[in-house]
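User: Hi! Could you walk me through this structure?
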Amino acid sequence: MAKLSTFLNGQRKEFRNVIYLDAGDMLQGSVDVFQDVTAQYDRPSLAAEAFNILGCYATVLGNHDFSVGVPSYDRFFRTIKCPVLGANVYYETPGDFLPPYRMYETKGVKIAILGMSTPLSNIQQPKDRRELDVADVVETAKYWMPILKEKKEADVVIGLFHSGYDGGRNEDGVTENAVRRILNEVPGFNLILYGHDHRARCLKTVDCNGDSVLLLNTGPFMTNAGVATISVTRGDKLEVKVDGELVNITDQEPDRKFMKRLSGWFDDVKEYSDSVVGVLAQPLEANSVLWDRSTQMDFIHSIQMRFDGADVSLASLGSERLYFPAGDITIRDMFELYSSDNFMVSVMMKGSEILKVLENSASQFYNTVSDGNGGLLKSRRRQLSNLVTAAGIRYEIDVTKPDGKRVSIISMSDGTPFDPDRMYRTTINAHQYFGTSLPRLIGLTPAEFRSRLNSSSPADIRFYMITAIALSHETDQKYVVNRMTDWSLVPRDIVSDCLAKDTVNFNNTEARTSFNRTN
């Protein structure tokens, strides 16, 4: 952001009318904002202060800005000096929560900036959410365009959207990424600045009337600035020309004034990142996660099993780093250990549905083998984050059987019978809950799946991980990860022989030979 400040300063020296706009997702996703919303809530919002220094003219809320909860975005509203727009975000009528648009006028030219958020925000929210509705982006644009053009007499209309280009229309009719639909259904925009899908784009195209529209998406993490130059000529007919480009700003010198004004925050974040959360009694590793116990996975399950009286936990790895040594673990390590701001969700799932989830996961990672000479593990291209394991139950994966018939759930972890027809209180993460793949996998629509909701955690999983380790540290105890998973690959002899010869090398050789020695 300090580099963006330098770039903006240069633009303002060269041009008279520079408007800086931002498309949202500022309150979640990095260690600085995590500290800001969890440990520094008694001071002004860091993100808003940064926007103020940059001279932001208007912004919108992203879905992740909703996810952090009412206290965090209320604090953002109280600190930021520019309007946060939300034409489709309201209680009962448009405009009763956020202003729908902002007008900018220079030399008689009127520019309207219409701001909207993705309707995904309706479902990607903790339960403390006010009764807000995030309406359809396209229908909202149809409502406001005549008002901006006729009542407000806008010469130029800019769309500022936290909504991707295309896709994400689910069984509920919610369109997550609506920019392409706006082009096809709503004429009148001259420029659309958008985010959410993390795909950088600079494209001059046309709307449904054949009029020119420039699309700009800078991509994530402020590596680019999206620059649009709008030229307006008055004659017999108003002529609006919009050109644009994406400018990589990573080589800009950080603005010293920006850095100085936020130096206290920066020093706090550095100290916070390097602070010791606690002491691990054993390594947190995932080298053996495909065939044996993983303390990383057990750690995640231990947190999820404590939430809302869970019977079962379904979890995936939260990191690409497979090994954290015993000893001190820092906040910085915790962000590597679980990289997503993912809160926990408790839902009711039938035993047979839990079985389907585990069968699907097994089919992604294991070939069917008949003896110890086969290649057991599938391609390395399969991301380990897609592997789902369970806690609360005992189960086996028979690698000699075909896809869909490999998993046998033996019992609950305490030895009581497992019932495929019974509903179990199951903890999953928010990505699994909000996505469409899990409901589709178990034969439900997203709406049907969401009707199974028991509760959602007020904070993300990482917060509970940090708290658990810190509580042990306060009593001078090392943090011990107890075994939570109770599953195995069978037949043992075939699995052992396959792993000894495996060449896919998902993980290290020592982990595979350890399996051979202990099994």
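Analyst: Happy to; we'll go through a sheet, a pair of helices and the nonpolar cores. Keep in mind that this is a predicted model.

User: Cool. What's the strand order in the open sheet of 3 strands?
Analyst: The order is β1-β2-β3, and the pairing is parallel.

User: Which strands stand at the edges?
Analyst: Those are β1 (21–22) and β3 (84–85). Each has a single partner strand, so one side of each is left without a neighbour in the sheet.

User: And how many bridges join β1 to β2?
Analyst: There are 2 bridges between β1 and β2, which covers residues 58–60. Within this pair, aspartate 22 stands opposite threonine 59 in β2.

User: Switching to helices: at what angle do α2 and α9 cross?
Analyst: Roughly 95°, with the axes of α2 (residues 31–38) and α9 (residues 263–274) coming within 10 Å. Angles from 65 to 115 degrees count as roughly perpendicular, so that is the word for α2 and α9.

User: Which residues meet there?
Analyst: From α2, they include Val31, Phe34 and Gln35; from α9, they include Trp265, Val269 and Tyr272. By class, this contact of α2 with α9 has 5 nonpolar, 3 polar and 3 charged residues.

User: Nice. Now the largest nonpolar core: which residues touch the most other members?
Analyst: That core has 74 residues, and Phe299, Leu314, Tyr366, Leu376 and Ile393 touch the most other members. Another core, of 36 residues, lies apart from it; among its residues are Ala50, Val68, Val134 and Leu262.

User: What do nonpolar side chains tend to do in general?
Analyst: In soluble globular proteins, they tend to be buried together.

Key: Residues are numbered from 1 along each chain as its sequence is written. This is a predicted model: local features need pLDDT of at least 70, side-chain atom pairs count only at pLDDT 80 or more; totals for chains, interfaces and linings use all residues. Side-chain values use heavy atoms; hydrogens and water are left out. Two strands pair if DSSP finds at least two bridges between them. Helices (H or I, at least four residues) and strands (E, at least two) are DSSP runs, numbered from the N terminus. Axes are lines fitted to C-alpha atoms, for helices over the stretch in contact, and angles run from 0 to 180 degrees between N-to-C directions. Angles under 35 degrees count as roughly parallel, over 145 as roughly antiparallel, 65 to 115 as roughly perpendicular and the rest as oblique. Contact means heavy atoms within 4.5 Å. Ala, Val, Leu, Ile, Met, Phe, Trp, Tyr, Cys and Pro count as nonpolar, Asp, Glu, Lys and Arg as charged, and the others, Gly among them, as polar. A nonpolar core is a set of buried Ala, Val, Leu, Ile, Met, Phe, Trp, Tyr and Cys residues joined through side-chain atoms within 4.5 Å. Buried means under 20% relative accessible area, exposed over 50%, partly exposed in between (1.4 Å probe, protein chains only).
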